[in-house]
Amino acid sequence: MKKILLTLVLMCSVVAGAQTTADLEKLISETRRESGMRHGTFSVCVYNVTQGRMLYAYNGEMSMVPASVNKLFTTGVGFARLGSDFRFNTKIGIRGNIDREGVLHGNIYITGGGDPLLGSYRYRQTTPDSLFSGWTTALKKKGIKRVDGRVCFNTSIFDEQPLHDTWQWGDLGNYYGAGVSGLNFHENMYFVYFNPGKKIGYPASSVRIHPKNLNIHGTSEVTTGAENSGDNVTIYGSPFNNERLYRGTVPAGKNDFAVRGAMPNPARNCADLFSSYMRTHGISISSNSMQVYSAPDSLRPVLDYYSSNYYTIAQYTNLTSNNVYAESIFKYLGYARFGKGTFENGSRAVTEYFKERNLDYSGVRIVDGSGLSRLNHVTADFVCRYLMAIAREPFYDEFCHSLAKVGESGPVRNLIPNLPKNVTVRLKTGSMDGVKAYAGYITTAHGETLAVAIISNGHECSNNAVGEKMGKILYRIATMY
């Protein structure tokens, strides 16, 4: 009798599993037939991390553009290689003699360490004024009152190519396409403020930029859009070029409307603004700043400036999908492993991790850290297997908590309506024109951990529409196992 009952229970479980899988397949099939989805490519994969096995796949082996889901590889390998307590280090040093009158006959040197938070406006302790105040105080403690020389800046920890060759021209002048330097500053971005015209379609005027005193020359073709239409400005410009072209619209009725742009030369801007700060805070300096490409002999240390810890940076990278943070980590991984921060070395460092964890990465190509390049390709199956490998790492909890939690805040807050309270979903989002993706972990009502990836490429409807469809699929996955 017991054998019969056990057999019946197992049969019911198999039938129920087959039924739920059939329901999921039906939902995906219906989604694929909807307007705007027919001609694109769609992929879904689910693994049970607890049991170490695949549960479901639809086009799981197809190579897809991941957009910012790519940051999962950057931040995860960063945890593995750098550790949660790692801090980027920027060094301040001097070379030359200080005479009795407090004159440094020589130069001040800023040696960049790839810190993406250096001079960031987001935190009180990292703003340019806070940063430069600490540096100036350290120099004064050395007895320096005047500099008969200049501020020299060294970015050589990374190469001189801040942008990947395949990033799109329309991205490059905007804050999200800023690229990285061995000496980042103010997240490599600036604010330009506009006043709208009196009527829709009238020219909007550019009134100021921040930080002040940046050497940026902007030409504005921005006009006035409807009220509450938001930021629809595209900024065009290349690195190391101070000319910027502004096109698009700002909303009516909002003066001093802020738009974020890519800073043309953040390392030089850092040195120039530091020189200006010193001149107004008790240390005069005679010459303009200058880039150097190696540390000089007899460089005397003044200050080691450390960033927040890696966990804080990785969490911010994933929760807000910040590209400068991601590329700084990516290039630093290349520097730490191969002695120079380049896109190629960052890619080598990430794929080396895949090899060490015995992850077959056929169909996978990682060329940058942020996901801006459309040359990045992953398969949904690989993403899930990678997430399973991360789940076995000692830093898994920190990595998992760096992902946005559905139902709380951020881009996934309302992604899955009516999600049961005993189910937790944490995801990284990815979005660019014709690309929408989610990947992360689901903790089911039964306490099982799932790894999930869902990617759409080439759809013709809006990304918001695709997101709604994906939310329904994720709901089904989260509640069926």
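So, Y236 and L245: those two are bridge partners, with L245 sitting in β11. And a quick reminder that what we're looking at is a predicted model.

Let's zoom out from that pair. Y236 is in β10, which covers 232–236, and β10 is joined to β11, residues 243–251, by 5 bridges. Those two strands run antiparallel.

Now the sheet they belong to. In what order do the strands come? It goes β9-β11-β10, so to speak with β11 in the middle of the list, and the sheet is an open one of 3 strands. The pairing is mixed. At the edges you've got β9, which is 217–225, and β10, and each of those pairs on one side only. If you ignore direction, neighbouring strands here are turned by 10 degrees against each other on average.

Okay, over to the helices. For a packed pair, the description is the angle between the axes plus the distance between them. Take α2, residues 71–82, and α9, residues 380–391: their axes come within 11 Å and cross at roughly 20 degrees. Anything under 35 degrees counts as roughly parallel, and therefore that's what we call α2 and α9. The crossing of α2 past α9 is left-handed.

Who's making the contact? From α2 it's L72, F73, G76 and V77, and from α9 it's F382, V383, Y386, L387 and I390. And how do those residues divide between nonpolar, polar and charged? We get 8 nonpolar, 1 polar and no charged. The polar one is G76, because Gly is counted as polar here.

That's my bit, thanks.

Terms used. Residues numbered from 1 in each chain as written. Predicted model: local features only at pLDDT ≥ 70, side-chain atom pairs only at ≥ 80, totals over all residues. Heavy atoms only, no water. Axes fitted to C-alpha atoms, helices over the stretch in contact; angles between N-to-C directions. Helix = DSSP H or I, 4+ residues; strand = E, 2+ residues; numbered from the N terminus. Parallel < 35°, antiparallel > 145°, perpendicular 65-115°, else oblique. Left-handed = near helix turned anticlockwise from the far one by under 90°. Contact = heavy atoms within 4.5 Å. Pairing = 2+ DSSP bridges.
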